[in-house]
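Colleague: I have some labels to check with you. Please show me the model first.

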Amino acid sequence: MPRVSDEHLAARRQQILDAARRCFLRDGFHNTSMQDVIAEAGLSVGAVYRYFPSKNDLITSIAQSVIGGADEVFAELVAVEPPLPLVEALDRALSYVDTQTGPDGVLPLAIQVWSETQRDPALAEFVKATYAGFRRHFAALVRRAQQVGEVPADADPEAVGAALFALVPGYFMQRILTGAPDRHTYLAGVRTLLARPAR
């Protein structure tokens, strides 16, 4: 019997994940069964369970896809030369968010992932570790801003980075739940908050 290629296996796994994402976006995690995912994927029971033995495995994989793209974007922001002003770095982060908040984006699932962490300890640990990584990226942005005098040298970069990162989920949660504000309005508010009075 010929060996199935790695490309075929990866494509089949992605087919199942895409089907699960559609089901989860349409019906939510709790109202979606493995049978729903199997029907949506158009595959046999055995084919789906080969890749994902449980719905929790699917949810964790979806969470990884939700988070993975953001981590890459945030890491790239830290590497830009010369260092980006903090509001410009935030603008670029939110530009990525805008690509992922529509009906085909992955961020609407983030809110469901947050909820699921309250009952799934393994997923909670994954999300905790991932968000700690996000905060490290933003703390690194703050350290670079300190080097160019944008942030006071005596400021705690971990604290400032955590506050700066919080603006990202704060933005997309409002966009997903209410449809507003748009990115330009939000950034105008952030600029006002970050403006330091002349001394």
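Modeller: Start with a definition: buried means under 20% relative accessible area, exposed means over 50%, and partly exposed lies in between. Keep in mind that this is a predicted model.

Colleague: Then why is aspartate 98 called partly exposed?

Modeller: Its relative accessible area is 28%. Partly exposed runs between 20% and 50%, so aspartate 98 counts as partly exposed.

Colleague: What makes arginine 183 buried?

Modeller: Arginine 183 has a relative accessible area of 18%. The cut-off for buried is under 20%, so the label fits arginine 183.

Colleague: How do you know that arginine 183 forms a salt bridge with aspartate 98?

Modeller: The closest N and O atoms are 3.0 Å apart. A salt bridge needs a side-chain nitrogen of Lys or Arg within 4 Å of a carboxyl oxygen of Asp or Glu. The pair therefore qualifies. Arginine 183 sits in helix H9 and aspartate 98 in helix H5, 85 residues apart, so the pair links distant parts of the chain.

Colleague: Where do arginine 92 and glutamate 88 lie?

Modeller: Both are in helix H5, four residues apart, about one turn of the helix. Their side chains meet in a salt bridge, 3.0 Å from N to O.

Colleague: Why are helices H4 and H7 called roughly parallel?

Modeller: Their axes cross at roughly 10°. Angles under 35 degrees count as roughly parallel, so H4 and H7 get that label. The contact of H4 with H7 has 16 nonpolar, four polar and two charged residues.

Conventions. Residues numbered from 1 in each chain as written. Predicted model: local features only at pLDDT ≥ 70, side-chain atom pairs only at ≥ 80, totals over all residues. Heavy atoms only, no water. Axes fitted to C-alpha atoms, helices over the stretch in contact; angles between N-to-C directions. Helix = DSSP H or I, 4+ residues; strand = E, 2+ residues; numbered from the N terminus. Parallel < 35°, antiparallel > 145°, perpendicular 65-115°, else oblique. Nonpolar A, V, L, I, M, F, W, Y, C, P; charged D, E, K, R; others polar. Buried < 20%, exposed > 50% of the residue type's maximum accessible area, 1.4 Å probe, protein only.
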